Amino acid sequence: MAKRAQRSGKSSKSVIKSHPLRVPIEDLRWRWSNKDISVASTDDAVSSVDIIGQKRALKSIRIGLEMKHFGYNIFVSGLAGTGRTTTIKRLLQEFEQDHQNLEDLCYVNNFHDTDRPLMIRLPAGKGKEFEKDMLTFVEDLKKTIPAILEGKRFQDKRKETIEHFQNRQRTVLRDFEKKVREKGFEMIQVQVGSMVRPEIAPVVHDKPVAIDQLESQVKEGTLTQDDLKKYQEQYANLTAQMETVFREMKNIERKAREALEKLDEQIILPVVKDNISEISAKYKDEKVSQYLDDVCKSVMNNLDRFRKEEQQTQQMQFPLLQQQDDSFTEYKVNVIVDNSEQKNIPIVIETNPKYRNLFGTIERTIDSRGVWRADFNQIKAGSLLKANGGYLVLNALDTLIEPGVWPDLKRTLRTGLVDIQSYESWFFSSSGLKPEQIDIDVKVIMIGDAFLYQLLYSRDEDFKKIFKVRADFDVEMERNEEHIGNYSAFIKMICDEEKLMRFERDAIGEVVEYGVRIAGKKNKLSTRFNAIADIIREANYWAKKDGASSVTGTYVERAIEERVDRVRLVESKIQELIQDGTIMIATDGEEIGQVNGLAVYDLGEHAFGKPTRITAKTSIGKGNILNIEREADLSGRVHRKGVAILTGYIHWMFSQDKPLAFNASICFEQSYSGVDGDSASSTEIYAILSSLSGLPIKQGIAVTGSVNQKGEIQPIGGVNIKIEGFFDVCKARGLTGDQGVIIPHQNLKDLMLRKDVIDAVENGIFHIYAIKTVEEGIELLTGMKAGKRLKSGKFDASSVFGRVDAKLYEYSKRAKEAMRRSRDRDANK
């Protein structure tokens, strides 16, 4: 049942209104003035693309960019919207240097091991020239070599060479045939399956007879046994001689081929060498010269591929195969990085750091037989190689979550070598190609948040070695004349870039006030310029929708209101539950052991405050304070710490001359989710003090603020939305003039309240109080003096603390009496 304490003197309302702890109107919000905004509109402002409010971060980034030593890559941390990416882009443009030292990267065929393509580095622009020169080289050979091979001079020499060796073969064969006839034998051709081979046959009765048929003639009597033996001996001797002759024939044939090859070399090699020498002289690179020597050898070993007659024959028989062979892919140059059009050092911002995008890959093609294949022409560069000699910007979270990217990126930055391999899926087996590794010189800039930085720094030993520079972006800056002027320049820049309407002085002022509001402190301005830019755009939208010629402060206010209204569905639903009594919140009257605390609901895109009923019940016990939220496993660690602190405060305050013989239970009523934070610890103390003293607490006043063991009130977060949340509840039910919020005095510098709240305070129908101690808070809530300890160690009996102390003495006495009776009962047993 509600109880009302007796008071003397003025009415409750008049006492509250004249209370010295009431916050003055001018402290409730910082307001812009004409002296703050030096321009009449954005037409008078000067657009600027300077980085605003990030001096420390800019200094760190410049150090990282200028340091050329190992490991001085940069990790940019901070909240999204503070201009991290924009800052990096602009600073890198400032650091752009001449591209004289840039290189083109090319892969070429390794004629000694085709699975290990070779890397050739050339000055910027030379890669494409080299590729074109090799294509021209092949095309020239495809025309020149056939022309030479079909020329009369070459054909005559070839014919002469062939005839020479043919004559030698005929001479050897003729001599042997003569010897065979002299021995009574003759050379015949014998069919063996589908093949025909030469054979020696004896001549019997003027007819050649197979040697295996002579025995049958002996049986018939047409040939004597001695003749048979003689034929067999001569046959064996001639057969051995024939094998020798055939070896000699093959030797002549081999020499003929060598002579023809030598002829090819004498006629064609000078032409090939001339072309090779011309290319080699142009690039003057040892690796290019070595590669061109290998090309020359390969061409000379594959002259048949340049013969038109053979090409036409193969094309008729195997058109698909010939199409593939005719491409001469082994002589191509694969330029994977072309800096021919790069005027400054490369700056690559990789927005999709998948493995293949970052490190490159080896693609596959299907050949004429339907088989997947890969060669050096399918090697593709990634962002690391494209940024070689410059800067690569990555998003830290995206880089970490991509499979395989982070380990290989660390290895690359440690070794300075890029190893291109395809990141294979289960569908493909690993490629057999192992391209030559590439030395790189690239500065990597990763953008992430502070949590990710700390996680990597503490858990990854390599991280601190390869990212030695941290650039931490602040979310706020000092509110001073310079920075307010920067806001005006920023608004002007957005208006110019996006063709927005003119912003009048009051519109600029409202944008600045919004920057102060989201910064959370009156002496600060937010550096979350993405949020500021959105308000600028939306204010322009509402002004255009109304047909206005410029944007005024009214449209900025509307943009802010509309922006909040779009995301406050949950807030409105909770407000409805409070309004219809489903969530029980009292905003008038008085109750014992019951206080309105203030909670923040943070949904990410929108945070708001609403009151929550906190109750306390006390009884005789052993000095324990029961945290019901903890018992229900709904209390966070910070909240549990807050309860332990208020327990220490109560023991220090009231247990100097007696043991505390009471128990208390504290509860956040109708709270069914987790509770954390210590901003309600002072509220819980007031509820316990009210329960012990029997003094009711005004339900029209909500409380926020943490407390230490000395009873000092400490600052909390979200003070503006907490006040506005309780104000909305009171306003919906009707403001009585007795309602208000108690806040820590340290939060005065954070106040940037909505204008409707300020109007209500100015009209005396809502109040804000700033306190320093528990005593000041309990006096506001009960309307009675907290009480001071007298020389006797007691408190004034009529004070709040006096009543609490008296109740605790009573509990102690009754507890002792109960213990005595218990001992007596035990003794009687």
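Start by selecting Thr-587 in this predicted model and showing what surrounds it. Leaving out residues up to four places away in sequence, Thr-587 touches Gln-699, Gly-700, Phe-726, Val-729, Cys-730, Arg-733 and Gln-739. Colour the chain by secondary structure and you will find Thr-587 in a loop, the one between α21 (569-579) and β20 (590-592). Is Thr-587 buried or exposed? Its relative accessibility is 5%, so Thr-587 counts as buried.

**The largest nonpolar core**

Next, select Ile-650, Phe-654, Phe-662, Tyr-686, Ile-688 and Phe-801. These belong to the largest nonpolar core, which has 45 residues, and they are the members that touch the most others. To see where the core comes from, add the elements that each give it at least two residues: the helices α23 (637-654), α24 (681-693), α27 (774-782) and α28 (800-828), along with the strands β22 (607-620), β24 (662-668), β26 (701-703) and β30 (767-771).

Now zoom in on Ile-650. Which residues is Ile-650 in contact with, once neighbours within four places in sequence are left aside? They are Ile-625, Ser-655, Leu-660, Phe-662 and Ile-688. Two of these partners, Phe-662 and Ile-688, are also named among the core members that touch the most others.

Before moving on, pick out a second core that lies apart from this one: it has 38 residues, including Phe-359, Val-418, Ile-420 and Ile-466.

**A serine on α28**

Stay with helix α28 and select Ser-812, which lies in it. Ser-812 has a relative accessible area of 6%, and under 20% means buried, so this serine is buried. Setting aside residues up to four places away in sequence, Ser-812 touches Pro-659 and Ala-661.

**Helices α4 and α7**

Now select residues 126-149 for α4 and residues 225-283 for α7. A pair of packed helices is described by the angle between the axes and the distance between them. Here the axes come within 11 Å and cross at roughly 165°. Angles over 145 degrees count as roughly antiparallel, and α4 and α7 are therefore roughly antiparallel to each other. The crossing of α4 past α7 is right-handed.

Show the side chains where the two helices meet. On the α4 side, select Lys-126, Glu-129, Phe-130, Asp-133, Met-134, Phe-137, Asp-140, Leu-141, Thr-144, Ile-145, Ile-148 and Leu-149. On the α7 side, they meet Asp-264, Ile-267, Ile-268, Val-271, Val-272, Asn-275, Ile-276, Ile-279, Lys-282 and Tyr-283. By class, this contact is made up of 14 nonpolar, two polar and six charged residues.

Centre the view on Ile-268, a residue of α7. With a relative accessible area of 0%, Ile-268 is buried. Its contacts, not counting residues up to four places away in sequence, are Ile-145, Ile-148, Leu-149, Met-300 and Leu-303. Try a distance label from Ile-268 to Thr-144: the C-alpha atoms are 8.9 Å apart, while the two residues are 124 apart in sequence.

**Two lysines with positive phi**

Follow the chain out of α7 to Lys-284, in the loop between α7 and α8 (286-301). Lys-284 is not a glycine, yet its phi is positive, at about 50°. Lys-284 is exposed, with a relative accessible area of 74%.

Then jump to Lys-499, which sits in the loop between α17 (481-498) and α18 (505-519). Lys-499 is another non-glycine residue with a positive phi, about 55°. Its relative accessible area is 70%, and Lys-499 is exposed.

**Helix α14 and the glycine after it**

Select residues 405-415, which form helix α14. Buried residues here are Val-405, Trp-406, Asp-408, Leu-409, Lys-410, Thr-412 and Leu-413. What follows α14? It is Gly-416, with a positive phi near 75°.

**Last stop: α2 and α3**

Finish with α2 (residues 55-66) and α3 (residues 84-94), whose axes are 11 Å apart and which pack at an angle of about 45°. At that angle, α2 and α3 are therefore oblique to each other. α2 passes α3 in a right-handed crossing. For the contact, display Leu-58, Ile-61, Arg-62 and Leu-65 of α2, which meet Thr-87, Ile-88, Leu-91, Leu-92 and Glu-94 of α3. This contact has six nonpolar residues, one polar and two charged.

Conventions: Residues are numbered from 1 along each chain as its sequence is written. This is a predicted model: local features need pLDDT of at least 70, side-chain atom pairs count only at pLDDT 80 or more; totals for chains, interfaces and linings use all residues. Side-chain values use heavy atoms; hydrogens and water are left out. A nonpolar core is a set of buried Ala, Val, Leu, Ile, Met, Phe, Trp, Tyr and Cys residues joined through side-chain atoms within 4.5 Å. Buried means under 20% relative accessible area, exposed over 50%, partly exposed in between (1.4 Å probe, protein chains only). Helices (H or I, at least four residues) and strands (E, at least two) are DSSP runs, numbered from the N terminus. Contact means heavy atoms within 4.5 Å. Axes are lines fitted to C-alpha atoms, for helices over the stretch in contact, and angles run from 0 to 180 degrees between N-to-C directions. Angles under 35 degrees count as roughly parallel, over 145 as roughly antiparallel, 65 to 115 as roughly perpendicular and the rest as oblique. A crossing is left-handed if the near helix is turned anticlockwise from the far one by less than a right angle, and right-handed if clockwise. Ala, Val, Leu, Ile, Met, Phe, Trp, Tyr, Cys and Pro count as nonpolar, Asp, Glu, Lys and Arg as charged, and the others, Gly among them, as polar.
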